Amino acid sequence: MQGPLSAWLVKHGLVHRSLGFDYQGIETLQIKPEDWHSIAVILYVYGYNYLRSQCAYDVAPGGLLASVYHLTRIESGIDQPEEVCIKVYVPRKNPRIPSIFWVWKSADFQERESYDMLGISYENHPRLKRILMPENWIGWPLRKDYIAPNFYEIQDAY
C-alpha cells in the first residue's frame, strides 16, 4: 500500500520502496544507501525539518544491518505533524551509509552510537568514532553474531 509521501516520490521519479505503515499509521519507506543523501536533502526541503530519532539494528545473524530514521514535518498551528520512517539496509561486510549530519545536526550522536554498537560507517560524518565503548574495543556489541571477549558462561553453578 502506497502512502502520500511514496506517491509524491514516485511522481518526482525518486527511487524507493514502500514498506507500508507501522502500527501508528506512519508511512515506512526503504531507500538504497547510494540514494539516501540526495533523498534526505529533498525530504528536508519538502518540509521534514526534524529528525526525531535515528537508530540501527541487526536484521538477522549474518544478514543485513538497518539504519532507521524517523522524520517529522514541524509547522506552526499543526496538532498532528506528518511523520515518516525511512529504513536503509546495508550488507554487514562493508556497511556504509552517507551521513545526514549535514542535513539534520541532531544525527551527530545517534549516528555515532549506531557506528559504535553495530559498525555502520556513516560517510562524511565529522566525528565518527566510538562514543559508548572504549576506543580499543574489538567488534560491534549489538550484532547478533557478536561474541563477547573473555566471556565464559557459568553453567550449572548451583
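Leave aside the neighbours within four places in sequence, and Glu-123 is in contact with Arg-96, Ile-97, Pro-98 and Ser-99. Keep in mind as you look that this is a predicted model. Glu-123 itself has its place in strand β7, and with a relative accessible area of 31% it is partly exposed. You can also check how Glu-123 sits relative to Ile-100: the two are 23 residues apart in sequence, and their C-alpha atoms are 9.0 Å apart in space.

Now let's turn to the sheet. It is an open one, made of 5 strands in the order β1-β2-β5-β4-β3, and its pairing is mixed. At the edges you find β1 (17-21) and β3, each of which pairs on one side only. On average, and with direction ignored, neighbouring strands of this sheet are turned by 20° against each other.

Start walking from the β1 edge. Here 3 bridges join β1 to strand β2 (residues 27-30), and the two run antiparallel. If you want a spot to look at, find Arg-17, which stands opposite Gln-30 in β2.

Further along the order come β5 and β4. These two strands run antiparallel and are joined by 9 bridges. Pick out Ser-67 and you will find its bridge partner, Val-88, in β5. Strand β4 covers residues 64-72, and 7 of its 9 residues are buried, so it is largely enclosed by the rest of the structure. As a general point, side chains in a regular strand alternate between the two faces of the sheet.

On to the other edge. β3 and β4 also run antiparallel, this time with 8 bridges joining them. Leu-51 has Leu-71 in β4 as its bridge partner. The hairpin of β3 and β4 has 5 residues between the strands, and in this hairpin Gly-62 takes a positive phi near 75°.

What about the helices? Helix α1 (residues 4-11) lies across β1, β2 and β5, and it runs at about 40° to β2. Helix α3 lies across β3 and β4, running at about 0° to β3. Helix α2 takes up residues 33-46, and Val-45 has its place there. Val-45 has 69% relative accessibility, so it counts as exposed, the cut-off being over 50%. Together with Val-41 and Tyr-44, Val-45 forms a nonpolar patch on the surface, and the three have about 280 Å² of accessible area between them.

Next, some charged pairs. The structure holds 8 salt bridges, and a few of them are worth a closer look. Take Arg-52 and Glu-83, which form a salt bridge with their closest N and O atoms 3.9 Å apart. Arg-52 lies in strand β3 (residues 50-58) and Glu-83 in strand β5 (residues 83-91), so this pair ties together parts that are 31 residues apart in sequence. Both ends can be seen from outside to some extent: Arg-52 is partly exposed at 42% relative accessible area, and Glu-83 is partly exposed at 26%.

Another pair is Asp-145 with Arg-92, where the closest N and O atoms are 3.1 Å apart. Because Asp-145 lies in the segment after β7 (121-123) and Arg-92 in the loop between β5 and β6 (96-98), this salt bridge ties together parts that are 53 residues apart in sequence. Here the two ends have contrasting surroundings: Asp-145 counts as partly exposed, at 41% relative accessibility, while Arg-92 is buried, with a relative accessible area of 12%. There is a third partner to look for too, as Asp-58, Arg-92 and Asp-145 are linked in a network of salt bridges.

One last pair: how far apart are the closest N and O atoms in the salt bridge of Arg-130 with Asp-116? They are 2.5 Å apart. Arg-130 lies in the segment after β7 and Asp-116 in helix α3 (residues 107-118), so the parts they tie together are 14 residues apart in sequence. Are these residues buried or exposed? Both Arg-130 and Asp-116 are buried. That brings us back to helix α3, the one that lies across β3 and β4.

Technical notes
Residues are numbered from 1 along each chain as its sequence is written. This is a predicted model: local features need pLDDT of at least 70, side-chain atom pairs count only at pLDDT 80 or more; totals for chains, interfaces and linings use all residues. Side-chain values use heavy atoms; hydrogens and water are left out. Patches are made of residues with over 30% relative accessible area and no salt bridge: like charges are joined within 9 Å, nonpolar side chains (Val, Leu, Ile, Met, Phe, Trp, Tyr) within 5 Å. Accessible areas come from the Shrake-Rupley method with a 1.4 Å probe; for residues, only the protein chains shown count as cover. A salt bridge is a side-chain nitrogen of Lys or Arg within 4 Å of a carboxyl oxygen of Asp or Glu. Helices (H or I, at least four residues) and strands (E, at least two) are DSSP runs, numbered from the N terminus. Buried means under 20% relative accessible area, exposed over 50%, partly exposed in between (1.4 Å probe, protein chains only). Two strands pair if DSSP finds at least two bridges between them. Axes are lines fitted to C-alpha atoms, for helices over the stretch in contact, and angles run from 0 to 180 degrees between N-to-C directions. Contact means heavy atoms within 4.5 Å.
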